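User: I'd like to learn how to read a few features of a structure at the bench. Could you take me through them one at a time?

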Amino acid sequence: PTKGNTAQAIVTFTQKDTGVHMQATVTGLTPGLHAMHIHEYGDCGCDDAACAGDHFNPTGMPHAGPTDTKRHAGDLGNITADDNGNATYTALDTHITLNGPHAIIGRTIIIHANADDFTTQPNGNAGARIGCGVIGYAQ
Ligand code: CU
Ligand code: ZN
């Protein structure tokens, strides 16, 4: 969680032949939709996670939703928290990889206070960064 927030998550990324499989388990949210993105820098060391930079965007695309072909690689879309503030999410994404120029290892995954509208530039109007994690290698 960033300062003053309670979001916690475990997110795993697994490289498959068809893309990167993501599985997220999140707690400490407000009920409803929350944007989830890959941000460019692997730094959660500041109070509001602004030091994680902008959305990971190696192809110079506009901000969009996860199913759009022209999008930031980091535009993973929204997760939905239940009435207890818990969310689970699974997806297969073809815009990110674990190796090469679109690799996400060493960057950050960030969960936001609000929903991503997939339209507003450059960030989907998703509000504050409430949770931040640096993506690394797992055992
Ligand atoms: Cu974000
Ligand atoms: Zn974006």
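Analyst: Happy to. Let's start with a torsion: about the S-S bond of Cys 44 and Cys 132 it is about -80°, so this disulfide is left-handed. Cys 44 sits in the loop between β3 and β4, while Cys 132 belongs to strand β7 (residues 129-134), so the pair ties together parts that are 88 residues apart in sequence. Please keep in mind that this is a predicted model.

User: What is a disulfide in general, and how many does the structure hold?

Analyst: In general, a disulfide is a covalent bond between the sulfur atoms of two cysteines. Here the structure holds two disulfides. In the pair we began with, the sulfur atoms of Cys 44 and Cys 132 are 2.0 Å apart. The other links Cys 46 and Cys 51, with sulfur atoms 2.1 Å apart. The torsion about the S-S bond of Cys 46 and Cys 51 is -105°, and this link is left-handed.

User: If I number the bonded cysteines in sequence order, what is the pairing?

Analyst: The pairing is 1-4, 2-3.

User: Is Cys 44 buried or exposed?

Analyst: Here a cut-off helps: buried means under 20% relative accessible area and exposed means over 50%, with partly exposed in between. Cys 44 is partly exposed at 28%. Cys 46, at 25%, is partly exposed, and Cys 51 is partly exposed with 22%.

User: Now the metals. Which residues coordinate the zinc ion (ligand 2)?

Analyst: To read a metal site, look for the donor atoms and then for their geometry. The zinc ion (ligand 2) is held by ND1 of His 55, ND1 of His 63, ND1 of His 72 and OD of Asp 75, at 1.9 to 2.1 Å. Along the chain these donor residues are spaced H-x7-H-x8-H-x2-D.

User: Why is the arrangement around the zinc ion (ligand 2) called tetrahedral?

Analyst: Because the four donor atoms subtend angles of 98 to 120°. For four donors to count as tetrahedral, all angles must lie between 85 and 135 degrees.

User: Where does His 72 lie, and what is it in contact with?

Analyst: His 72 lies in the loop between β3 (32-39) and β4 (75-81). It is buried, with a relative accessible area of 6%. Leaving aside neighbours within four places in sequence, the residues in contact with His 72 include Phe 56, Asn 57, Met 61 and Pro 122, as well as the zinc donors His 55 and His 63. The side chain of His 72 also reaches the backbone nitrogen of His 63 at 3.4 Å. His 55 is buried at 6% relative accessible area, and His 63 is buried at 2%.

User: What coordinates the copper ion (ligand 1)?

Analyst: His 37 (ND1), His 39 (NE2) and His 112 (NE2) coordinate the copper ion (ligand 1), at 1.9 to 2.0 Å. The spacing of these donors along the chain is H-x1-H-x72-H. His 37 is buried, with 0% relative accessibility, and His 39 is buried, with a relative accessible area of 0%.

User: How do β3 and β4 run, and how many bridges join them?

Analyst: β3 and β4 run antiparallel, joined by five bridges. Here the two metal sites come up again: His 37, a donor to the copper ion (ligand 1), stands opposite Asp 75 in β4, and Asp 75 is a donor to the zinc ion (ligand 2). As for β4 itself, six of its seven residues are buried, so this strand is largely enclosed by the rest of the structure.

Note on methods
Residues numbered from 1 in each chain as written. Chains lettered and ligands numbered in written order. Predicted model: local features only at pLDDT ≥ 70, side-chain atom pairs only at ≥ 80, totals over all residues. Heavy atoms only, no water. Donors = N, O, S within 2.8 Å, 3.2 Å for Na, K, Ca; no water. Tetrahedral: all angles 85-135°; square planar, octahedral: opposite > 155°, others 65-115°. Buried < 20%, exposed > 50% of the residue type's maximum accessible area, 1.4 Å probe, protein only. Helix = DSSP H or I, 4+ residues; strand = E, 2+ residues; numbered from the N terminus. Polar contact = N/O pair within 3.5 Å; in protein donor to acceptor, adjacent residues only side chain to side chain. Contact = heavy atoms within 4.5 Å. Disulfide = S-S within 2.5 Å. Pairing = 2+ DSSP bridges.
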